[in-house]
Amino acid sequence: MPVSDFELVEAWGQVLALSGVRAGQTVTVLTSSDTNAQTMRTAILAAQARGAIVNRLDLLPVNGGTSLSRDPLAFVGTTPLTGNRAALELLKASDLVLDLMTLLFSAEQHEILAAGGRILLAVEPPEILLRMVPTEADRQKVLAASKVLRAAREMHVTSAAGTDVRFTLGDYPILEEYGFCERPGRWDHWPSGFLATWSNEGTAQGRIVLDRGDILLPQKSYVRDPVTFTIRDGYVTEIEGGLDADLLKGYMGSFNDPEVYAISHVGWGLQDRAHWSVLGLYDREATIGMDSRACAGNFLWSTGPNNEAGGTRDTACHIDIPMRNCTVMLDGNAVVRDGKLVNATEGGQ
Ligand SMILES: [Fe+2]
């Protein structure tokens, strides 16, 4: 359902205020051919209203002839910034980049952040942005849960459907997504509200069983029948099931890269304003599926790259897999039990 420019300007105003944008700072709005026009126009208005110097940088799309999907997260690593030094320097010189294009998982994103820049990704449609305008309370909730995750050395995930998988933790940073960037070098994504980290190389072991209704991204589908992943030494070694398993195997195989089967980030959702049912209400090309990634009490795991976390794996294929009804244990304490959040702020129970 449409939203008004006024509502979205107000929402951007809140995001920019939480991000500490003030008069005289430089905000660059990064756009490409599929950027939402209302999101762009209201971002510019809100940044100007805060007295910022506002640029718009529009880049030409890439990967269209290679990717099998129109989803910006379906083919990662190479972006319109790859080899584009002039554009990169503008972004590095900006205090805040509003990424309405999708730089995620690129070396250039790393370079901007390492230079002290801030990047906020926002590519979901305006009404989804509006429903999940970030708040300071969102940040506090994510940070409280993050403390528990940071102290943990093992994540053990189980489900009635048959999931039983363990990840050793501690070598990689924690990804705290709450929807705004209040300090230099920070990347975030509006909308969000979840936590993730990466299991130590080669340590993921066990079995993950997707139940009917669990979600595959970028397929943006609810699986119709169980899909079983066998995981050995940090890699998916077997995918079994019906049609959903066959389609997934064909898609991952199309990349001709053994690294697509590596385990990537693992974590859980904390956002009460995100809903599992939303994916069924949108055309596939209208959303990237953040509701399912952030939905409170999900278990979100993924395959593919870890360069976002400082690792060396930069495979182009990234599958995010949010699941319902799982129990997530950190060093034996549940932070999610049967798909419901346990009080993570108090260290689980
Ligand atoms: Fe992901």
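The exercises below, each with a worked solution, lead through a predicted model of a protein with an iron ion.

**Exercise 1. The iron site**

Identify the protein donors of the iron ion, and decide how their arrangement should be described.

Solution. Begin with the atoms themselves: the donors are NE2 of His265, NE2 of His318 and two OD atoms of Asp320, and they lie 2.1 to 2.6 Å from the iron ion. Next, turn to the sequence, where the donor residues follow the spacing H-x52-H-x1-D. Then consider the angles, for which a reference is useful: ideal angles at a metal are 109.5 degrees for four tetrahedral donors. Around this iron ion the 4 donor atoms subtend angles of 53 to 134°, and the arrangement is therefore irregular. A tetrahedral label would require all angles to lie between 85 and 135 degrees, and the range here begins at 53°. Finally, look at the surroundings of the donors, where both His318 and Asp320 are buried.

**Exercise 2. The nonpolar cores**

Find which residues have the most contacts inside the largest nonpolar core, and follow the contacts of Trp301.

Solution. As background, nonpolar side chains in soluble globular proteins tend to be buried together. In this model the largest nonpolar core has 48 residues, and those with the most contacts inside it are Met155, Phe167, Phe229, Phe299 and Trp301. Taking Trp301 and setting aside its neighbours within four places in sequence, one finds contacts that include Ile208, Leu210, Phe229, Ile231 and Val236. Trp301 is also in contact with His265 and Asp320, and these two residues are among the donors of the iron ion. A second core, separate from this one, has 38 residues, with Val76, Ile112, Leu175 and Ala309 among them.

**Exercise 3. The sheet of 8 strands**

Work out the strand order of the open sheet of 8 strands, and say which strands form its edges.

Solution. Reading across the sheet, the order is β14-β13-β10-β6-β5-β18-β19-β20, and the pairing is antiparallel. The edges are β14 (235-241) and β20 (340-341), each of which pairs on one side only. Towards the β14 end, helix α7 (residues 243-253) packs on the sheet and touches β13 and β14, its direction making about 140° with that of β14. One step inward, β10 (residues 205-210) and β13 (residues 227-232) run antiparallel and are joined by 5 bridges, with Val209 having Thr228 as its bridge partner in β13.

Continue to β5 (residues 154-159), which runs antiparallel to β18 and is joined to it by 5 bridges; here Met155 stands opposite Leu330. Of the 5 residues of β18, 4 are buried, so this strand is largely enclosed by the rest of the structure. On its other side β18 (residues 326-330) is joined by 3 bridges to β19 (residues 333-337), and Leu330 has Asn333 as its bridge partner there. These two strands form a hairpin with 2 residues between them, and Asp331 in the turn has a positive phi of about 50°. Another hairpin follows, in which β19 and β20 pair over 2 bridges in the antiparallel sense; 2 residues lie between these strands, and Asp338 takes a positive phi near 50°.

**Exercise 4. The sheet of 5 strands**

Describe the open sheet formed by 5 strands, and locate the helix α6 that packs on it.

Solution. The order of this antiparallel sheet is β7-β9-β15-β16-β17. Its edges are β7 (175-177) and β17 (319-323), each with a single partner strand, so one side of each has no neighbour in the sheet. Neighbouring strands are turned by 20° against each other on average, with direction ignored. Within the sheet, 4 bridges join β15 (residues 263-269) to β16 (residues 299-303), and Trp268 stands opposite Phe299. Helix α6 (residues 136-151) packs on the sheet, touching β7, β9 (194-198) and β15, and its direction makes about 25° with that of β9.

**Exercise 5. A residue in a loop**

Decide whether Thr79 is buried or exposed, and place it in the chain.

Solution. Thr79 is found in the loop between β2 (53-58) and α3 (85-92). Its relative accessible area is 5%, and since buried means under 20%, Thr79 is buried. Not counting residues up to four places away in sequence, Thr79 touches Val62, Leu103, Ser106 and Glu108.

Conventions: Residues are numbered from 1 along each chain as its sequence is written. This is a predicted model: local features need pLDDT of at least 70, side-chain atom pairs count only at pLDDT 80 or more; totals for chains, interfaces and linings use all residues. Side-chain values use heavy atoms; hydrogens and water are left out. Donors are N, O and S atoms within 2.8 Å of the metal (3.2 Å for Na, K and Ca); water is not among the atoms, so sites may look incomplete. Four donors count as tetrahedral if all angles lie between 85 and 135 degrees; four count as square planar and six as octahedral if opposite donors are over 155 degrees apart and all others between 65 and 115; anything else is irregular. Buried means under 20% relative accessible area, exposed over 50%, partly exposed in between (1.4 Å probe, protein chains only). A nonpolar core is a set of buried Ala, Val, Leu, Ile, Met, Phe, Trp, Tyr and Cys residues joined through side-chain atoms within 4.5 Å. Contact means heavy atoms within 4.5 Å. Two strands pair if DSSP finds at least two bridges between them. Axes are lines fitted to C-alpha atoms, for helices over the stretch in contact, and angles run from 0 to 180 degrees between N-to-C directions.
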